Amino acid sequence: MPSSPELEILSASPLMHGMGEEELKALLSTTERRLYEAGERIVEEGTPSDCLFILADGAVDVVKGMGDEAVTLSTLDESGDFFGEMALIDILPRSANVFACGQTRILAFPKKVLTTVFAKVPRVQMTLVLNIARNLSLRLREADSRIATLSREANTGSEGS
Amino acid sequence: MVESPDLREAFLSESPLFDGLGKAEIDDLVERAEIHEFTAEQIVVEEGTLGDAIFLLYDGRLSVHTRDEEGRDVELATLDRRGAFFGEISLADSGPRSATVRADSGAVLLKLSLDALNAFFAQFSDAQVVVLRNIARVLAQRLRDSNALVSTISSS
């Protein structure tokens, strides 16, 4: 099978947890392969969400805001990491910028193409949505524990001054 | 009041969790929902325990708490809007409760256990992806709010 390394990337992605080989192949047949150079912007905050991305190779920074206001929310550097998945959930614009850290290979899945896969294999949509919800819940737990830590640091800081 | 099936039906059909479901589906959920009453200071769910139900607030006021690394209480949110819900994470992720929810006043809640929801999904198979997408949407909104709060605290 020619695309087997990509199939391995997909099957290792937490987004694909529980997906069968036929389902992975159906998805892979729709992917657009993209190459980004260091510093190149992959996703622009505020623009329409129309595509899901899976990291094949390299790393990306997820950054909220620009310039002095910019806060790096996370860095994704594992093959199979994903972003832009909210395109499958709601119609809100992109909530952050995503930049390539070095030369980065991405598997892109445009929403329009995915919709045709969902129509043919409904279980693919169910599995993706479940995995997205799981991942959101994990990130929400992390964000809330970061808030608890930051609040404590802020309190300690004000006590010290 | 909340005892009336018609009102419970209206209440559930207005919840963003069940957005997109039809009348037959809502009627079925109404049958499966349990009513629970809490008095002030009573704990509704406790951080660290197994999450096995979704709760929707019908009446009253609740607050959401966690503890920082030193065990001090941090209030994450207040819930006082009719229809506000929590515990939906348990549907997607069978981990422990991520926070404690406490009644600040007397409160009436509708409870949908995971068992009840799974039985519902077995009967209405198309409903599962609809509800999961609604949950993901809500989680995404909460994550956006939490990330905004992280940015605010970090830059202050």
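In this predicted model, helix α1 (residues 5-13) and helix α2 (residues 23-32) of chain B have axes that come within 9 Å and cross at roughly 115°. The crossing of α1(B) and α2(B) is right-handed. On the α1(B) side the residues involved are P5(B), R8(B), E9(B), L12(B) and S13(B), and they meet I26(B), D27(B), L29(B) and V30(B) of α2(B). Sorted by class, this contact of α1(B) with α2(B) holds five nonpolar, one polar and three charged residues.

Chain A also has a pair of helices to examine. Here helix α1 (residues 4-12) and helix α2 (residues 21-28) of chain A have axes that come within 10 Å and cross at roughly 115°. Angles of 65 to 115 degrees count as roughly perpendicular, and α1(A) and α2(A) are therefore roughly perpendicular to each other. The handedness of the crossing of α1(A) past α2(A) is right-handed. From α1(A), the residues E6(A), L7(A), L10(A) and S11(A) meet L24(A), K25(A), L27(A) and L28(A) of α2(A). Five nonpolar, one polar and two charged residues make up this contact of α1(A) with α2(A).

The wider plan of chain A comprises four helices and eight strands. Along the sequence these elements follow the pattern α-α-β-β-β-β-β-β-β-β-α-α. The C-alpha trace of chain A spans about 65 × 30 × 30 Å along its principal axes. Of its 161 residues, 34% count as buried. Among contacts in chain A between residues at least 6 apart in sequence, 78% join residues at least 24 apart.

Part of the strand content of chain A is arranged as an open sheet of four strands, in the order β1-β8-β3-β6, with antiparallel pairing. At its edges are β1 (32-36) and β6 (82-83) of chain A, each of which pairs on one side only. The antiparallel strands β1(A) and β8 (residues 104-110) of chain A are joined by five bridges. Within this pairing, R34(A) has I106(A) in β8(A) as its bridge partner. Helix α3 (residues 111-120) of chain A lies across β3 (51-57) and β8 of chain A, and runs at about 60° to β8(A).

The other long element to follow in chain A is helix α4 (residues 122-160), where A148(A) has its place. A residue counts as buried if 20 or more other C-beta atoms lie within 10 Å of its own; A148(A) is buried because it has 20 C-beta neighbours inside 10 Å. Leaving aside residues up to four places away in sequence, A148(A) touches T66(B), D68(B) and V74(B). A148(A) and A59(A), by comparison, are 89 residues apart in sequence and 28 Å apart in space, C-alpha to C-alpha.

These partners of A148(A) lead to the contact between the chains, which takes 30 residues from chain B and 30 residues from chain A. On the side of chain B that touches chain A, β5 (73-79), α3 (89-92) and α5 (125-155) of chain B each supply at least two residues. The element that gives the most to this side is α5(B), with 20 residues. By class, the residues of the side of chain B that touches chain A divide into 14 nonpolar, eight polar and eight charged.

Strand β5(B) belongs to a hairpin with β4(B). Strand β4 (residues 62-67) of chain B runs antiparallel to β5(B), and six bridges join the two. In this pairing T66(B) stands opposite V74(B) in β5(B), and T66(B) and V74(B) are among the residues that A148(A) touches. Five residues lie between the strands of the hairpin, and G71(B) takes a positive phi near 85° there.

A further backbone feature appears elsewhere in chain B. Most residues other than glycine have a negative phi. E41(B), although not a glycine, has a positive phi of about 80°. The place of E41(B) is in the loop between β1 (34-38) and β2 (43-45) of chain B. Is E41(B) buried or exposed? A residue with 12 or fewer other C-beta atoms within 10 Å counts as exposed; E41(B) is exposed because it has 9.

Key
Residues are numbered from 1 along each chain as its sequence is written. Chains are lettered from A and ligands numbered from 1 in the order in which they are written. This is a predicted model: local features need pLDDT of at least 70, side-chain atom pairs count only at pLDDT 80 or more; totals for chains, interfaces and linings use all residues. Axes are lines fitted to C-alpha atoms, for helices over the stretch in contact, and angles run from 0 to 180 degrees between N-to-C directions. Angles under 35 degrees count as roughly parallel, over 145 as roughly antiparallel, 65 to 115 as roughly perpendicular and the rest as oblique. A crossing is left-handed if the near helix is turned anticlockwise from the far one by less than a right angle, and right-handed if clockwise. Two residues are in contact if their C-beta atoms, placed from the backbone, lie within 7 Å. Ala, Val, Leu, Ile, Met, Phe, Trp, Tyr, Cys and Pro count as nonpolar, Asp, Glu, Lys and Arg as charged, and the others, Gly among them, as polar. Two strands pair if DSSP finds at least two bridges between them.
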